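User: I would like a close look at one part of this protein, namely the strand that comes first in the chain and the way it is held in its surroundings. Please take it residue by residue where you can, and then place it in the whole.

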Amino acid sequence: MGEPNGMLTIEKTEGRRKCPSCGEENKYMIHESTDKTNSISDYPRVYGKKYRCGRCGQEWREK
Ligand SMILES: [Zn+2]
């Protein structure tokens, strides 16, 4: 689907966030950042969030 670096898009999870690739659940291992390629709203400008697993390097975003 043209996603760079194997970025995954998953359903928003209830409760504890975990890595969709390796299952890491430690929140200190899951790094949240702003996804500038994914704007949710143009005005005001709001971007989505993306997450990266510090254990396996998988990146993903939630719907
Ligand atoms: Zn992982």
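Analyst: A good place to begin is a facing pair: Ile10 stands opposite Glu62, a residue of strand β4. The model is a predicted one, with a mean pLDDT of 91 over the protein and 92% of the residues at 70 or more.

Ile10 belongs to the pairing of strand β1, residues 8-10, with strand β4, residues 59-62, and these two strands run parallel and are joined by 3 bridges. In general terms, the strands of a sheet pair through backbone hydrogen bonds, in either a parallel or an antiparallel sense.

Thr9 also lies in β1, and its contacts show how the two ends of the chain segment are brought together. Leaving aside residues up to four places away in sequence, Thr9 touches Trp60, Arg61 and Lys63. Thr9 and Trp60 are 51 residues apart in sequence, yet their C-alpha atoms are 5.6 Å apart in space. Is Thr9 buried or partly exposed? Thr9 counts as partly exposed, because 14 other C-beta atoms lie within 10 Å, whereas a buried residue would need 20 or more and an exposed one 12 or fewer.

Trp60, which Thr9 touches, also leads to the next strand, for Tyr51 stands opposite Trp60 in β4. Strand β3, residues 46-53, is joined to β4 by 3 bridges, and this pair runs antiparallel. The hairpin that β3 and β4 form has 5 residues between the strands, and Gly57 in that hairpin takes a positive phi near 85°.

On from β3, the pairing with β2 is again antiparallel and extends over 8 bridges. The connection between β2 and β3 is a hairpin of 4 residues, and Ser41 has Val46 of β3 as its bridge partner.

Taken together, these pairings give an open sheet of 4 strands in the order β1-β4-β3-β2, with mixed pairing. The edge strands are β1 and β2, the latter covering residues 30-41, and each of them pairs on one side only. From one strand to the next, the twist of the sheet averages 35°. At the β2 edge there is hardly any cover, since the count of buried residues among the 12 residues of β2 is 0.

As for the whole, the protein has 0 helices and 4 strands, and from the N terminus its elements follow one another as β-β-β-β. Of its 63 residues, 8% count as buried, and the C-alpha trace spans about 35 × 25 × 20 Å along its principal axes. Among contacts between residues at least 6 apart in sequence, 46% join residues at least 24 apart, and the contact of Thr9 with Trp60 spans 51 residues of sequence.

On confidence, β2 has the lowest mean pLDDT among the elements, at 93, and β3 the highest, at 96. As a general caution, predicted coordinates should not be read in detail where pLDDT is low.

How values were computed. Residues numbered from 1 in each chain as written. Predicted model: local features only at pLDDT ≥ 70, side-chain atom pairs only at ≥ 80, totals over all residues. Pairing = 2+ DSSP bridges. Axes fitted to C-alpha atoms, helices over the stretch in contact; angles between N-to-C directions. pLDDT = per-residue confidence, 0-100. Contact = placed C-beta atoms within 7 Å.
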